[in-house]
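Subject: Handing over a structure

Dear colleague,

I am passing on the structure below, which you have not worked with before, and I have set out underneath what was found in it. Please read the notes with the structure open beside them.

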Amino acid sequence: MSIIRDDWIQQQLLLRQAEYTEFRSFRIVTGTWNVNAKKPLTVTEASKLVQWLEPQTTEKETEYQNVPPDIVALGFQEIVDLNAVNVVVNSTVTVQRSAAWKDAVLTALNHHIGRGESSRAPEARREQYRVVLEKHLVGILLLVFVRADHYEHVQEVKGATAGVGIMGVMGNKGGAAVRLKLYSSTLCFVCAHLAAHRENVAGRNADYLNILSKVDFGENTPDEAAASVQDMRFWSGAPSILNHDFVFWIGDLNYRIQETLTTEEVFRLVESGRSLLELVQHDQLTIERQRGNVLKGFEEGSLTFPPTYKFQAGTSEYEKRPEKKFRAPAWCDRILWRAKNPSDVKLSSYNSVAALEVSDHKPVHAFFDVQVKYQVESKKNDVTRDIMMQLDKWENDNMPKVQLLEEDSDTTSSGVFFFSQLKFGVEQSKKVIIENTGLVVTHFRFIPKLEDVAVCKSWLSVTPMFGMIPPRDKMEICITALVDEVVAHGLTSGVESLDDTMILRVENGRDYFLVVSGQYANSCFGSSIEQLLASSEPIRDVELTASHSPAVSVFSVWVGGAAGVDANALIHPEVIEGPPDPAPTSDLQKVPKELWRMVNDIYENYMQEKNLFVEAGNKVEIVQLREALDTGTPFPTHRGYSTAELLVRWLQALRQSVVPDEALTVAVASTNGIVGQGCRALLDTLSPERYNIVVYLISFLREVLKHGTTNKLTPEKLAFVFGRCLVSPCRLSASKDLVHLNAGRVLALDEYQPASTSSTASTVSSVGSSQLVPEERLRRNAHELEIAQASADQRAERMETFLLHLLSSP
C-alpha cells in the first residue's frame, strides 16, 4: 500500500511543482563534427578546439567572455572508418579514438577556455569540468561535460545507442543519446548520423524515426526507481527521447540541397557569399521540417554560415578536384532543439568553424541560455505537508467504492472484451474507465491468478498496472493485444489460445474479473512450412492444422528421404535462366506460395536495386505487403527494399527454422575441413519441403548476384543476411519471457503488501511472499539466455559458411 500512496504523493508534487521551484539561467554549448576518420587531436593540440567551444570573436558578448558554459555536449561522426570490420565487430579502435577525443576536449575545457585575455582572473580561466558520460556507436561519439560546481546536482544519467544502418540495425548509421537530470530539469542530447546521398531524403527521415523509436534508456537502478515513478505515471506516450524538458539533436544529418538546383548552381550561390538565403529555400531539412515529415516540434537557428560539406581535407576550399566526385555543397551538419516550454531556451549563437580544417566537414556549434528548474526545499516541504493532510482526510472518510465504465460513456462495463481480427504484429487496444464513486482514495492493482507470476498472458498487456484514484475521479485503463512471433507460434501449433482473465484488485474492496478473448487473423508469419504448403488458398482463409503435405523437388528430382536427395544438383547445378518456378503441374506446392510471390516480385522488378537485403524497407509498406500475402491480394505500390526485408522477416518468423539444428549439426560433423562435403551432407539431411526451400532460395540468390555490378551485392553480404534467417534464432520459452518482462513489476507491488484479509468478493488471492520467483531462478534463466544466444550466434556463423560456399561455387 505504501508504494502506491507514495506514488500518488509524487504525482501531486509534480502537478504543484510551480509552487516550490525557481529558475536559473544555464549556458549550454553544443557542437557537431564529422571528422572523416581522421586521427584525434592530441592533448598538446587541444587549444585548437577552443574555436569550437567558444563563440567566434565577432559574436562574443561580455557575459560569455567572463563566464564559461555550464554544460558542453559534443557529437562526433566517423571517428573511425565505416568499413565492414568496424561496423560488424566492436572495434578497439573506436574505444581508443573515443578516449583520445574525450581527453583532447577535456584538456581544452580545463586549460584553454577563456585564456585569451590576460586581465581575466585565473580562477575564471581555469574552470574545472567533469565528464558526465561518453557514449559511442561504431563511428558515432557523444561526449557530455558539466562544470565541476554542478556535478553533484547531475542525477539519473543514462546512455543508449540505436543502429539504423545495414538491415536497419547496424551501427554504420544511427544515434547515441545521453539523458540526465540537472537540478530539477531533464535534458537529453542526441548525436545522429543519418543516411547519405542527395536523393535519399526518405531514408534520412526513416533513420530519424527509427532512432527516435529505438533509443531506450533502460530500467532505473533501485535508488532511482522511487524518484522516477512520477515521470512514468505522467508519461505522455511520446518516445523516450522526447520525454524530457529539453532535447538537443545534433549530428551529420546528411540533408542536402534539393536537386531542383544543379551542382553548378549551388556552387555559384555559395561562392557569391550573398545568396545563402536563396540556397536555404532549397535545403532538404528545412523543406522536410516544414512538411512535418521529420524533427517535428524542433527548432533551429538561421543558416547564416556557408554549407559545411564537402571540403578538401586540410583546407577551407570546397572539393572541386577533377579526380574526386563532384558534390554540391550542403548543410549536412546541424543542431536543433526542442523544449516543453519554448520560452525557456534562447539561442545566442549558431555558426560553423571554418578554421578547423582537419576533415571534409566543418564543425558546427550552437550556444544556448536555458532556464533550469531547481527546488526550494522549505517550500516543497510546505506543499508536501498540505498534500498529506488532504490525503489523510480522504482516507478517514470512508471505504473505497469503484465502478467500471465503458469508454467515452457513463454505461457500466460488463468486463468482457473481444478483439476481432487480430493481425500479426499489429496492436489493438480496448479501454475501460475506473470511477471512484466513494469518498476515499482508491488503490488498485492487477494481480496474477493463483500460482501464476504474470497478471496476463504474453499476448496481452495492461497499463497502468496500478494506481490511485481520488474521490469522484476517474482513471483510464488500456488493455492492448499484440500477436508477435512467440504468440503466433503457439496459436498455429494449437498450444495457445486467445483468451484470458485478468484480476483487478481494489485494496480494502472487492476484486473485478476482466474476461478478454480474441480472434486471430491467420498469417503466413509464425506459421509452419508444412501448413503453408498444405493449401493453395490464401492463409487468411485456411483453418490451420499441424498436418503435413507431400512435397516434390524444385528441380523435379524425386526426394524419397534423406538418402534420395541429389545434393550435386545444387553443388554443381545446371545453368538456369531466371529463378526456378515453384508452381508444379500437379496440385502440390514445391515451395510456399508466399515465398514465391516475394521472390517473384523482387526478380521481376528489383534485381538491380543497390544494396538490396542490406538497406531497410518502409515499415508501412511492410505491413501492407504482409497483409497482401495473407489475403492473396495484389501487392500495393512499394519499394524493393520493403519486399526484401519482408522476405527476411518471414524466414525469421517461421515456427520452425528452414534448416533444423539437427541437420546443421550433421553437416558440421561431416565437413572434415571440406566445406563442399558439409554442404552435401546438409542437403542430404533436409526433409523434402526444406530441401526445396533451400535450393529455391540459393537459386534465386545466385540470380541476384548476376546483377552484382549494379546492386552492389556480394556472396559474403547475402550469406551474412540469410545465414541468420535459415537457422533457429535465440528464443526464450513463453514462460521465461513472462518472468523477465512482468515478474519485476508484479513482485515489486507484492513485496510491499501484507496478506490481504479484507477482500470480500475475491476467490483468487495474490501471489504471497512464499510464492515469489526465487532470485536463483532469475539468475538461472539469465544464464540459460546467455548460453542460448551464444549457440544461436554459432549456428548463424556455420550456416553463413555453408551459404557462402553454395553461392560462390561456379
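A search of the whole structure, which is a predicted model, finds 18 aromatic pairs. One of them is formed by phenylalanine 76 and tryptophan 101, whose ring centres are 4.8 Å apart and whose planes stand at 35 degrees to each other, so that the pair counts as tilted. Phenylalanine 76 belongs to strand β2 (residues 71-77), whereas tryptophan 101 belongs to helix α5 (residues 92-111), and the pair therefore ties together parts that are 25 residues apart in sequence. As for how accessible the two partners are, phenylalanine 76 is buried, with a relative accessible area of 0%, and tryptophan 101 is likewise buried, its relative accessible area being 0%. The pair also belongs to a cluster, in which ring pairs link Trp33, Trp52, Phe76 and Trp101.

Aromatic rings also take part in another kind of arrangement, in which an arginine lies over a ring face. Arginine 130 is placed in this way over tyrosine 151, at 3.8 Å from the ring centre, and arginine 597 lies over the face of phenylalanine 635, at 4.4 Å from the ring centre.

A helix that you may wish to look at next is α18, which covers residues 640-653. This helix has 14 residues and reaches 20 Å from its first C-alpha to its last, which is close to the 20 Å expected at 1.5 Å a residue. Is α18 largely enclosed or not, and how many of its residues are buried? Of its 14 residues, 12 are buried, so the helix is largely enclosed by the rest of the structure. Among the buried residues of α18 are Gly640, Tyr641, Glu645, Trp650 and Ala653. The cover over the buried residues of this helix includes α13 (485-493), α14 (529-533) and α16 (593-605), together with α17 (619-631), α21 (688-706) and α23 (715-723).

Turning to the protein as a whole, there are 25 helices and 21 strands, and buried residues make up 52% of its 810 residues. If one takes the contacts between residues at least 6 apart in sequence, 75% of them join residues at least 24 apart. The protein exposes about 35800 Å², of which carbon and sulfur atoms supply 51%.

With best wishes

Technical notes:
Residues numbered from 1 in each chain as written. Predicted model: local features only at pLDDT ≥ 70, side-chain atom pairs only at ≥ 80, totals over all residues. Heavy atoms only, no water. Phe/Tyr/Trp six-rings, centres within 6.5 Å; stacked < 30°, edge-to-face > 60°. Helix = DSSP H or I, 4+ residues; strand = E, 2+ residues; numbered from the N terminus. Buried < 20%, exposed > 50% of the residue type's maximum accessible area, 1.4 Å probe, protein only. Lys NZ or Arg CZ within 6 Å of the ring centre and 35° of its normal. Expected span 1.5 Å × (residues − 1). Contact = heavy atoms within 4.5 Å. Areas by Shrake-Rupley, 256 points an atom, 1.4 Å probe, with all protein chains shown as cover.
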